[in-house]
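Here is a short briefing to read alongside the model. Take a moment to find the ligand, then follow the points below.

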Amino acid sequence: MLNLVLFGPPGAGKGTQSDKLIEKYGLIHLSTGDILRSEIAAKSELGIKAKTFMDKGELVPDEVVIGMIKYKLTENNHSKGFIFDGFPRTKEQADALDKLLDELDTYIAAMLALKVEHEELVKRLLKRGKNSGRPDDRNTEVIENRIKVYHNLTSPLIKYYSEQNKYQAIDGMGTIDETFNRLCQKIDTL
Ligand code: B4P
């Protein structure tokens, strides 16, 4: 199995690049953001709860997202591997992921961290907000809060994966194809 964590602040290109990478490498895409949005669309109990956090740009509680990932991993345990997009986002989630993968006798091969400047992140998210209707992309205050939450709670995971020699920084500025080529070059060395 090849398991990758695609990492970066909101708007860095995680979802965009995941779509291209799963096609090339035949991996399963696990995006906690996408799963949560489909729960919101289905008006499930989980979705109704998650929406209150997402609309403010806050993280959904760990136990909710960990439970979702656990379910998806057991459902797809014979796959070639996974791209984790937007997960883990806290130390608790990273610990839980390592444990779940260990139970499947596998592990994270690398954390690929997209580096994008603050102004560019805000620009990309506001542009998507105009077309997608995503409530968390339409409001500058919510976007700034998501970036702040990333710096406070999520970016410490760089140290977590560095200590395991799994952290790889990738320049995420430039076009979608340029970033994709940089990611593929790195993945092909794993
Ligand atoms: P996510 O769905 O993960 O959303 P995101 O961080 O905004 O990134 P995304 O991957 O969608 O966007 P991308 O950069 O590809 O999270 C949303 C919310 O869900 C969180 O705030 C949180 O509340 C909750 N949540 C999710 N996971 C959670 C977890 N594990 N724990 C707790 N809560 C969780 O793309 C952005 C835009 O940029 C797109 O329009 C794209 O086309 C464009 N773009 C991408 N690359 C570009 C490039 N190179 N040039 C120009 N534009 C580009």
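**The ligand and its surroundings**

The ligand fills the space of the largest pocket. A pocket here is an open set of points on a 1 Å grid over the protein atoms alone, with protein on both sides within 12 Å along at least five of seven lines; a molecule sits in one if more than half of its atoms lie within 2 Å of its grid points. This is a predicted model, where local features need pLDDT of at least 70, side-chain atom pairs count only at pLDDT 80 or more, and totals for chains, interfaces and linings use all residues. Residues are numbered from 1 along each chain as its sequence is written, and side-chain values use heavy atoms, leaving out hydrogens and water.

**The shell**
- The ligand is surrounded by 30 residues (a heavy atom within 4 Å), and the closest are Gly-13, Thr-32, Arg-37, Glu-58 and Arg-146.
- By class, the shell holds 10 nonpolar, 10 polar and 10 charged residues.
- Helices H1 (14-25), H2 (32-41) and H6 (118-132) each supply at least two shell residues; H2 gives the largest share, with four.

**Polar atoms by the ligand**
- One ligand oxygen is 2.8 Å from a side-chain N or O atom of Arg-37.
- A ligand oxygen also lies 3.1 Å from a polar backbone atom of Ala-12.
- A ligand nitrogen is 3.5 Å from a backbone N or O atom of Ile-176.

**Beside H2**
- Ser-44 lies in the loop between H2 and helix H3 (45-54).
- Ser-44 counts as buried (under 20% relative accessible area, 1.4 Å probe, protein chains only) because its value is 19%.

Terms used: A polar contact is a pair of N or O atoms within 3.5 Å; within protein, one must be able to donate a hydrogen and the other to accept it, and residues adjacent in sequence count only if both atoms are side-chain atoms. On a 1 Å grid over the protein atoms alone, a cavity is a set of points where a 1.4 Å probe fits but cannot get out, and a pocket is an open set with protein on both sides within 12 Å along at least five of seven lines; lining residues have an atom within 4 Å of a point. Ala, Val, Leu, Ile, Met, Phe, Trp, Tyr, Cys and Pro count as nonpolar, Asp, Glu, Lys and Arg as charged, and the others, Gly among them, as polar. Buried means under 20% relative accessible area, exposed over 50%, partly exposed in between (1.4 Å probe, protein chains only).
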